[in-house]
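Me: Please take one part of this model and go over it closely, ligand side first. Then set it in its surroundings, with the confidence figures included.

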Amino acid sequence: MRTRPANPTIGDVTPLHPARVALSVLLLHPALLHTAAAQTWGSPASWKPFTYARAAQPTPARKPGEKTLLALDGTTGTLKLTLRQLQAMPAIRYTVLHRQLKQTFTYQGVTLRDLAARGGFAGKDLRVYAANGYFTTIRADDYMNEPIMLAYSADGQPITTLQKGPLTVVLPAQPARLNGPEYGAAWVWYVERIAPLK
Ligand SMILES: Nc1nc2c(c(=O)[nH]1)N[C@H]1C(S)=C(S)[C@@H](COP(=O)(O)O)O[C@H]1N2
Ligand SMILES: [Mo]
């Protein structure tokens, strides 16, 4: 016969109820953790407000010969946006150190949230594709809550190839985690396509 410990909460094994085991397995499984944490974002009015540098302007029509800078794979097809069309979207602007370039710039661009909303997939994790074949996933949790930017200008000038332009993803200086090693892969340069994660 086993002696009962002085403190009954230590060593006193409660039989595991099968439903309880199933629930903890469900909550601990990494693939399901994401599902369990999946959020609905409601209407844009309920989203965390961002401070914009300029409001949306009417979308200018593409001029003959004008290049597409970004392909946005929306729910109703691919929107091909020119620089002027991106510039007509609500503009966000902030100053941040670009770690890979070791240089601080005041970037201006469009938030991933506004781009996702334009494509009809706001709140879905998204994929950002670069012209060199690189791509990465940016979580909805991050871009819905923080003004992660697709930048088209740095210090008021178009972003050069050497500066990783013409379109480059920039993350705000705060919260600090966005500038940590875990988010290095999110600073995508030479961006050419954004799509919801399938
Ligand atoms: N276009 C493009 N963007 C990219 C990458 C890439 O290969 N191509 N690599 C990503 C990764 S994984 C990281 S960690 C950083 C690396 O930047 P660095 O090599 O200049 O440190 O850029 C990110 N952006
Ligand atoms: Mo990386």
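Reply: A residue is counted as near the ligand here if its C-beta atom, placed from the backbone, lies within 6 Å of that molecule. The model is predicted. By that rule, the residues around ligand 1 are Q100, A130, N132, Y134, G184, A185, W187, V188, W189 and Y190. Sorted by class, this shell holds seven nonpolar and three polar residues, and no charged ones.

Several of these residues can be placed against the strands. Q100 falls between strand β3, residues 92-98, and strand β4, residues 103-111. A130 is the last residue of β5 (126-130). Y134 comes directly before β6 (135-138), and Y190 directly before β10, residues 191-196.

Take the hairpin with Q100 first. β3 and β4 are antiparallel and paired over seven bridges. Within that pairing, V96 has F105 of β4 as its bridge partner. Four residues lie between the two strands, and K102 has a positive phi near 55 degrees.

β5, β6 and β10 belong to an open sheet of five strands with mixed pairing, in the order β2-β1-β10-β5-β6. The edge strands are β2 (77-81) and β6; each has a single partner strand, so one side of each lacks a neighbour in the sheet. From one strand to the next the twist averages 20 degrees. Helix α4, residues 112-119, packs on this sheet, where it touches β1, β2, β5, β6 and β10; the helix direction makes about 55 degrees with that of β1.

Both kinds of pairing can be seen at β1. With β10, β1 (residues 70-74) runs parallel and shares two bridges, and L72 is bridged to I194 of β10. With β2, β1 runs antiparallel, and five bridges join the two. D73 is opposite T78 of β2, and the hairpin these strands form has two residues between them.

α4 is mostly covered, with six of its eight residues buried. Those six are L112, R113, D114, L115, A116 and G119, so the buried set includes the charged residues R113 and D114. G120 follows the helix and has a positive phi, near 80 degrees.

Away from the sheet, W47 sits in the loop between α2 (30-37) and β1. Is W47 buried, exposed or partly exposed? It has 15 other C-beta atoms within 10 Å, so W47 is partly exposed; a buried residue would need 20 or more, and an exposed one would have 12 or fewer. Leaving out residues up to four places away in sequence, W47 touches W41 and M144. The C-alpha atoms of W47 and N145 are 7.6 Å apart, although 98 residues separate the two along the chain.

For the chain as a whole, there are five helices and 10 strands. Of its 198 residues, 25% are buried. Among contacts with a separation of 6 or more, 60% are between residues 24 or more positions apart. Mean pLDDT is 87, and 81% of the residues reach 70 or more. Residues 1-14 have pLDDT below 50, and this stretch makes three contacts in the model beyond near neighbours in sequence.

Terms used. Residues numbered from 1 in each chain as written. Chains lettered and ligands numbered in written order. Predicted model: local features only at pLDDT ≥ 70, side-chain atom pairs only at ≥ 80, totals over all residues. Pairing = 2+ DSSP bridges. Axes fitted to C-alpha atoms, helices over the stretch in contact; angles between N-to-C directions. Contact = placed C-beta atoms within 7 Å. pLDDT = per-residue confidence, 0-100.
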